Structures are given as C-alpha cells and as structure tokens.
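Here is a short, friendly tour of one protein model. Have the sequence and the 3D view at hand while you read.

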Amino acid sequence: RGLFSASDSAGNNEFEPWAGSTGGIQLVTCKAGTNTQELSSGAGTFNTTAWNCVAWASNGSTTFCDANGEPKTLTVGGTSSNNGDWIGDLNSINNFSIGSLRRATSVYFTGDIGLVLYYNLFKPLVERQNIYLATKWRYQ
C-alpha cells in the first residue's frame, strides 16, 4: 500500500513509493500523465509481518532502494527506465501525504509507520545503513 506520495493537484505528476502485500516494494514516477519510472523489487523483499526499514535514494541518474540496510535489485517495468527521477524533477508538486497514494480513489497504507525521514540530498548506501542500524532497536 501507499507509503507516501507527492503530486500536483491534478495528479498528472506523481512520485509514489509503495509496499505490496507479497513483500515487494515499488516506485512509480509519472510526468504529465505518463509513467517515466516503474521500479520494483519483486515479492519477498521484506517480511510483511515485521517492522522494516525501507530507503529510497537517487543520485540524479539512478534510483536505489534498500530494505533493512541491504541494497535491493530493482526491475524496470513497462516502457520506463531507471532514470533517477525524484520529487524535485516533477512539475508543480504541491501535495505530499504520508500513508496514502493520492489518486481519484486513495490507496491507504494498512499498518504502522514508525518513522519517516526525508532528506534533500543523496545519502549513499553506508549512510542509509547507519540510519537503519541507529533506529532498528525501536521497532524490534
């Protein structure tokens, strides 16, 4: 379900990371109503009955994902690419919500969200792993 989303008022430009019921995570980036980035980790990336730390990062040309401090391989879907699009690359983003995807019919995250951190700079893997190690004790 939707972890958070950022979009314009019309929903034509969106940034949507979400978690699936099969333990997979996905990121969809949409520009002017067209999906430009569909990235998925596949089923079994994380345990759906336990707390997980999921991190998304972009260096401007590639998007990365890791779960519980471990980097995950992302599969590119549709006709999109892993182009590193991030919230700032989308036009007119003026809506930001935590726990849902903004759509005509909203999709809500069903579970608990312990902590959301948003950085306006690229965090390399070792820094994302340190954040995971520093916070995991709170949720185990």
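What follows looks at a pocket, some ring pairs and a few side-chain contacts. Keep in mind that this is a predicted model.

**The pocket**

Let's start with some empty space. Rolling a probe the size of a water molecule over the atoms reveals where such space remains. How big is the volume of the largest pocket? It comes to about 1300 Å³. Its lining is made up of 43 residues, and the ones nearest the centre are Leu 3, Cys 53, Val 54, Ala 55 and Leu 115.

Which strand gives the largest share of that lining? That would be S5, with five residues. Strand S5 covers residues 54-58, and it is joined by strand S2 (14-19) and helix H1 (125-135) in supplying at least two lining residues each. If you sort the lining by class, you get 25 nonpolar residues, 14 polar ones and four charged ones.

**Rings that pair up**

Next, look for aromatic side chains. The structure has three aromatic pairs, and here are two of them, with their values.

| Pair | Centre to centre | Angle between planes | Arrangement |
|---|---|---|---|
| Trp 51 and Tyr 132 | 6.3 Å | 5 degrees | stacked |
| Phe 64 and Phe 122 | 5.9 Å | 50 degrees | tilted |

Take Trp 51 and Tyr 132. This pair links distant parts of the chain, 81 residues apart: Trp 51 sits in the loop between strand S4 (34-40) and S5, while Tyr 132 belongs to helix H1. Is Tyr 132 buried or exposed? Its relative accessibility is 12%, so Tyr 132 counts as buried. Trp 51 has a relative accessible area of 24%, so this residue is partly exposed.

Now for Phe 64 and Phe 122. Why is this pair called tilted? Because the planes of the two rings stand at 50 degrees, and tilted is the class for angles that are neither under 30 degrees nor over 60. Phe 64 is part of strand S6 (residues 63-67) and Phe 122 is in the loop between strand S11 (107-108) and H1, so the pair ties together parts 58 residues apart in sequence. Both rings belong to partly exposed residues: Phe 64 has a relative accessible area of 30%, and Phe 122 has 34%.

There's one more ring to find. Lys 123 lies over the face of Tyr 119, 4.4 Å from the ring centre.

**Side chains reaching out**

Lys 123 also turns up in the story of Arg 128, a residue of helix H1. What does the side chain of Arg 128 reach at 2.5 Å? It reaches the backbone oxygen of Lys 123. The side chain of Arg 128 also makes a polar contact of 2.6 Å with the side chain of Asp 66. Although it is a charged residue, Arg 128 counts as buried, at 8% relative accessibility.

Over in strand S6 you'll find Thr 63. Thr 63 is buried too, because its relative accessibility is 2%. Its side chain is joined to that of Gln 37 by a polar contact of 3.1 Å.

Finally, follow the chain into the loop between S6 and strand S7 (70-71), where Asn 68 is found. Asn 68 is partly exposed, at 22% relative accessible area. How many residues separate Asn 68 and Gly 114 in sequence? The count is 46, and in space their C-alpha atoms are 14 Å apart.

Terms used: Residues numbered from 1 in each chain as written. Predicted model: local features only at pLDDT ≥ 70, side-chain atom pairs only at ≥ 80, totals over all residues. Heavy atoms only, no water. 1 Å grid on protein atoms, 1.4 Å probe; cavity = no way out; pocket = protein on both sides within 12 Å on 5 of 7 lines; lining within 4 Å. Points joined across faces, edges and corners; volume = space filled by probe spheres on them. Helix = DSSP H or I, 4+ residues; strand = E, 2+ residues; numbered from the N terminus. Phe/Tyr/Trp six-rings, centres within 6.5 Å; stacked < 30°, edge-to-face > 60°. Buried < 20%, exposed > 50% of the residue type's maximum accessible area, 1.4 Å probe, protein only. Lys NZ or Arg CZ within 6 Å of the ring centre and 35° of its normal. Polar contact = N/O pair within 3.5 Å; in protein donor to acceptor, adjacent residues only side chain to side chain.
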